[in-house]
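Here is my note on the structure you sent, set out as numbered points. Please read it with the model open beside you.

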Amino acid sequence: MSVHHISTGSPFEEQIGYSRAVVADGWVFVAGTTGYDYAQMVMPDSIEAQCSNALATIAKALEDAGSGLDHVVRVNYIVPDKAEWPKCWPATSKAFARAKPAATMISADLQNAEMKIEIEVTARVPA
């Protein structure tokens with residue numbers, strides 16, 4: 001089995017010991033991704049901005065894997081405050097308009113209090 005690891009250069013990947021994405025046997029598994037702006041290492045205040053940042057980070061990881069948002073088959077959303085979740089729908093519906101992946105939203109605490117959403121996806125590498 002061929003395995004390829006993808007990193008965003010986030011310090012969390014090194015500190016915690018994970019890859020942003022792993023490509024194996026035509027599948028791309030993207031780790032739970034929060035809303036950090038990794039270029040500046042800042043976390044926006046709003047869930048909308050965090051969601052957009054997370055989706056951009058995921059899109060880049062998928063691109064690096066030879067895939068893309070249109071090839072996502074499964075997405076998990078984790079939000080601490082489920083009342084804020086609908087604010088993300090415009091961004092998520094746009095990002096996954098074509099793929100229409102199977103999806104789950106879970107309400108749970110995240111690693112840091114400023115984190116308002118975490119998104120993980122599974123995608124295919126197109127043939």
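**Notes on the model**

1. Surface. The protein chain exposes an accessible surface of about 6,800 Å², and carbon and sulfur atoms hold 53% of that area. Bear in mind that this is a predicted model, not an experimental one. Of the 127 residues in the protein chain, 41% are buried.

2. Overall dimensions. The C-alpha trace of the protein chain extends over about 40 × 35 × 25 Å along its principal axes. Does the radius of gyration agree or disagree with that of a compact globule? A compact globule of 127 residues would come out near 14 Å, and the protein chain has 14 Å, so the two agree.

3. Fold elements. The protein chain contains 3 helices and 6 strands. Read from the N terminus, their order is β-α-β-β-α-β-α-β-β. Among contacts with a separation of 6 or more, 70% join residues that are 24 or more positions apart.

4. Charges. The protein chain carries 10 positive and 15 negative charges. The mean positions of these two sets lie 9 Å apart.

5. Aromatic residues. How many aromatic pairs does the whole structure hold? The search returns 2. One of them joins Y77 and W85, with ring centres 4.5 Å apart and planes at 45 degrees, a tilted arrangement. The other partner of W85 is W89: these ring centres are 6.4 Å apart and the planes stand at 80 degrees, over the 60 degrees required, so this pair is edge-to-face. Y77, W85 and W89 are thus linked by ring pairs into a cluster.

6. Burial within the cluster. Which members of the cluster are buried, and which are not? The cut-off for a buried residue is under 20% relative accessible area. Y77 is buried because its relative accessibility is 5%. W85 is also buried, at 12%. W89 has a relative accessible area of 45% and is therefore partly exposed.

7. Strand 5 and the aromatic residues. M105 sits in strand 5, which covers residues 102-107. Its relative accessibility is 30%, so M105 is classed as partly exposed. Apart from neighbours within four places in sequence, M105 contacts Y77, V79, K82 and W85. Two of these names, Y77 and W85, also appear in the tilted ring pair.

8. T34. This residue is placed in the loop between strand 3 and helix 2. Is T34 buried or exposed? Its relative accessibility is 7%, so T34 counts as buried. Leaving out residues up to four places away in sequence, T34 touches M43, A54, M115, I117 and E118. The C-alpha atoms of T34 and M105 are 14 Å apart, with their positions 71 residues apart along the chain.

9. Backbone angles to check. Most residues other than glycine have a negative phi. D25, which is not a glycine, has a positive phi of about 50 degrees. D25 belongs to the loop between strand 2 (21-24) and strand 3 (27-33). With a relative accessibility of 52%, over the 50% limit, D25 counts as exposed.

10. A second positive phi. M41 is not a glycine either, and its phi is positive at about 55 degrees. M41 lies in the loop between strand 3 and helix 2 (47-64), and T34 is found in that loop too. M41 has a relative accessible area of 33%, so this residue is partly exposed.

11. Helix 2. Both E48 and D64 lie in helix 2. E48 is partly exposed because its relative accessible area is 35%. D64, at 37% relative accessibility, is likewise partly exposed. From E48 to A59 the sequence separation is 11 residues, and the C-alpha to C-alpha distance is 16 Å. D64 and S7 are 57 residues apart in sequence, yet their C-alpha atoms are 9.3 Å apart in space.

Notes
Residues numbered from 1 in each chain as written. Predicted model: local features only at pLDDT ≥ 70, side-chain atom pairs only at ≥ 80, totals over all residues. Heavy atoms only, no water. Helix = DSSP H or I, 4+ residues; strand = E, 2+ residues; numbered from the N terminus. Rg over C-alpha atoms; globule rule 2.2 N^0.38 Å. Buried < 20%, exposed > 50% of the residue type's maximum accessible area, 1.4 Å probe, protein only. Contact = heavy atoms within 4.5 Å. Areas by Shrake-Rupley, 256 points an atom, 1.4 Å probe, with all protein chains shown as cover. Lys, Arg positive; Asp, Glu negative; His and termini not counted. Charge placed at Lys NZ, Arg CZ, Asp CG, Glu CD. Phe/Tyr/Trp six-rings, centres within 6.5 Å; stacked < 30°, edge-to-face > 60°.
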